[in-house]
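Visitor: Could you take me closely through one part of this model, the place where two helices pack against each other, and then set it beside a few other local details?

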Amino acid sequence: MRGTVKGHLLASQDLLVESLYNLAPLLDRVLACGLLSQDNYYEVKAETTPPNRARKLLEVLQAQMDEAGASCFLECLRRCKQHYPRLRSWLSQDAAIQRGPTEQQLQAQLSVLCARLGHAVLPVSLALFSGGKLTQYELERVQAAPTLYQQAHALLTTCLSKGECACRAFYSALDSEDQNLAHDIRSSLPAGLPEGLPDLSVESESDEQSFPIAVEETSTAAAEAHTQSGVLQEVLSLLGAVSGEARLNVCELGVVLGLPRWSVRGALLEEVGVGDGDQLQALVDLFLQKTQDAPLLLSRVRQCNVQRAQLSERGCLLLKLLQEADALLHRRHFLQAGSQDGVEQHRETLETIFSFLLWDCVAQTLEVPAYESGRSVLAYVAELRGSEAVDDALLQELEECWRDGGAEALRQAVRVLAQILRDLHPLRDSLHLSAPGGGTYTCHSRRLHRVTRFQGLPARVIRKAGGGNALSLSTATSEQDAPSLARPYPELCLRVARMLELVCPAAGDVTGPRDSAEVTTVAQRLKVTLSQAAFDAEVFDAGMKHRVLALLEYGPARLAKPPLMQLHLHTLSALEPYLQQGEHHSFRFVLECVQMLGGTQLSYAERTRGPVAIDNGMEEVYYFVTSEPASFLVRVCCHGYARECRFEVRKPQCVRLTQHDWANLEGAQGHEEHVVLAEEGGSVWVRERVVGWLDNLQANAHRGDSPLHDQGCSFKVTSHGSECKVKFIYKNGRISASAFTNCEVL
């Protein structure tokens, strides 16, 4: 006997309560579909734990929804499946759920209607949207399909996913739009089917009449698919991308091409491979689905600055190692339905790869990474939650996929981790810009620049300690070549030890000769060296130290993979320039936020030069891209070490107050003591010119009960085009700014 949807949900309640750990995506979709009232929404949100919130939601829905509503709720779950890895297999099962008679009718006539609906598809879609049966997103998805056949298919499958009520609404809308077609569809009922259902046979009159049209539409769709393939090949050529490699942040490329970040990310995480070819295919499909304009796509790819989407060398190597895990998960025994033997057999290898990659993420993002040997994947994920550089939603999905542990969940974990790695390793020193709130973009660098008291060493001394010849990897290409792969490892560790001992020689007892390349001796030597105060976080870059420790934690004996050894060699090659003398150790500008004026948008920002010590000061240059010529306020500070004492500067200071309050206070202020940066939206931004002016303003404001809002150290930039560069200068305890290219600075 076939069960109902409500019965199926009720029978699966324990699984649903356990799996719906983060209800926000599902609640938003259920609310948008009208299955939940605002009062119900707040009732669910009021529960204090995730299981209780899930129980309350299921309780409300079971009490209020009919069978059509239950079908719609099930479809909402399917649309959110990327957020609930534990439900993927449950959602993909054929649950033998009973469909209503109108659903059966629409399912039976799907091919006929796709072929015959024609230009009626958009009026019918609009009627369903007006009646609340389609959401704005669903309507746009129908309209975005490239052919009438595909538009009809998108509309009908959406109605089927929503259940009996939506299917009845479709037939009602069709009857209002085209009575002749509706009459044809209702005619010729075969024996044995419920009343109102047409013949399912392809030999029926209606199917024979529609067959040539279906062929024509399908041929058109096939031709357009062929065109999309040609577009993909041209995009690959323009970008210089190689299909199997991973050298681009395709999500960032999608943003450069004008698509919303959330939309691109959602498409890339939906069962798309890690390589650039698969990712670009998904991006091309998404762009063409939204615009149906291949020339526009190719034009934008030609015009875009592809370096904004390129990855650093280390980012490419990390993804190369992740592809080893992806290849393991796609071996035959993983693809067998229900098989867990293969997963368990290689679980240790997978966990080692994931833990190393997350170890590196911690080194990349946290000011002071915690060092603890043998930590689990979930422990690293928990530690990364303290970083604003990693999207918390990605970490949540990664955690749930790993907890699930099934083959499909682990493949999704690979996709999620690949996106995290891409976001953390841009080629350019770009800034992450938050979604604007009131025109204000908060900023943080995608690369963490730690400021320490380390002064650096002469380059010639470092080169001598590091050895004259560069180490290279052997031709080993797989774990079967482990002996060849491990051959350069002891020498690699020895060179790292020699260079670090230039900073501070190892103290205490270290057995074995100093030039011994025996692994255990060198490992002991490195650990003793790094344990000294000269390598504490305020003196030495904690991320560099963490990566050196990874060299000891993840040797070839633990994981014999060529990309891992390439990453260790990269650590050695990065250590040499880090140890050299330079301004990068002890000084850094920080862009805190950008306030756009006049409704324009900020699309990109990066540091292009510096820090550079010159004229008894420090300089850095930043590059900004806006939607059009624009005016904006940049809030900046700097911090560093001088004579081994840490400093942080936000002077000259700027405040924001209302135009009304400024009108009352302006008369008491000396005109040479301040500068008005901007006036917009009833607010005024004013910066001090003379030390002590702000104290007087605060005293007058306090007497007049006029609140002042601290705006740090801010400068106004007016660009002459959509791109400009600004130089920031620190000298004598104060910050200044000047135009570098294509702008004016106040």
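**A helix pair and its surroundings**

Guide: In this predicted model, the residues Ser-263, Val-264, Ala-267 and Leu-268 of helix α17 are in contact with Gln-279, Ala-282, Leu-283, Leu-286 and Lys-290 of helix α18. Sorted by class, the residues of this contact between α17 and α18 comprise six nonpolar, two polar and one charged. Two packed helices are described by the angle between their axes and the distance between the axes. For α17 (residues 261-268) and α18 (residues 276-291), the axes come within 9 Å and cross at roughly 130°, which means that α17 is oblique to α18. The crossing of α17 and α18 is right-handed.

A sheet offers another kind of packing to examine. Here four strands form an open sheet in the order β4-β5-β13-β14, and their pairing is antiparallel; its edges are β4 (602-614) and β14 (734-741), each of which pairs on one side only, while the twist from one strand to the next averages 20°. Within this sheet, strand β5 (residues 617-626) is joined to strand β13 (residues 723-731) by eight bridges, the two running antiparallel, and Phe-624 has Cys-724 in β13 as its bridge partner.

A single side chain completes the view. Glu-383 belongs to helix α24 (residues 377-384), and Glu-383 counts as buried because its relative accessibility is 16%, where buried means under 20%. Leaving aside residues up to four places away in sequence, Glu-383 touches Val-362, Leu-366, Pro-369, Ala-370 and Arg-375.

Definitions and conventions:
Residues are numbered from 1 along each chain as its sequence is written. This is a predicted model: local features need pLDDT of at least 70, side-chain atom pairs count only at pLDDT 80 or more; totals for chains, interfaces and linings use all residues. Side-chain values use heavy atoms; hydrogens and water are left out. Buried means under 20% relative accessible area, exposed over 50%, partly exposed in between (1.4 Å probe, protein chains only). Contact means heavy atoms within 4.5 Å. Two strands pair if DSSP finds at least two bridges between them. Axes are lines fitted to C-alpha atoms, for helices over the stretch in contact, and angles run from 0 to 180 degrees between N-to-C directions. Angles under 35 degrees count as roughly parallel, over 145 as roughly antiparallel, 65 to 115 as roughly perpendicular and the rest as oblique. A crossing is left-handed if the near helix is turned anticlockwise from the far one by less than a right angle, and right-handed if clockwise. Ala, Val, Leu, Ile, Met, Phe, Trp, Tyr, Cys and Pro count as nonpolar, Asp, Glu, Lys and Arg as charged, and the others, Gly among them, as polar.
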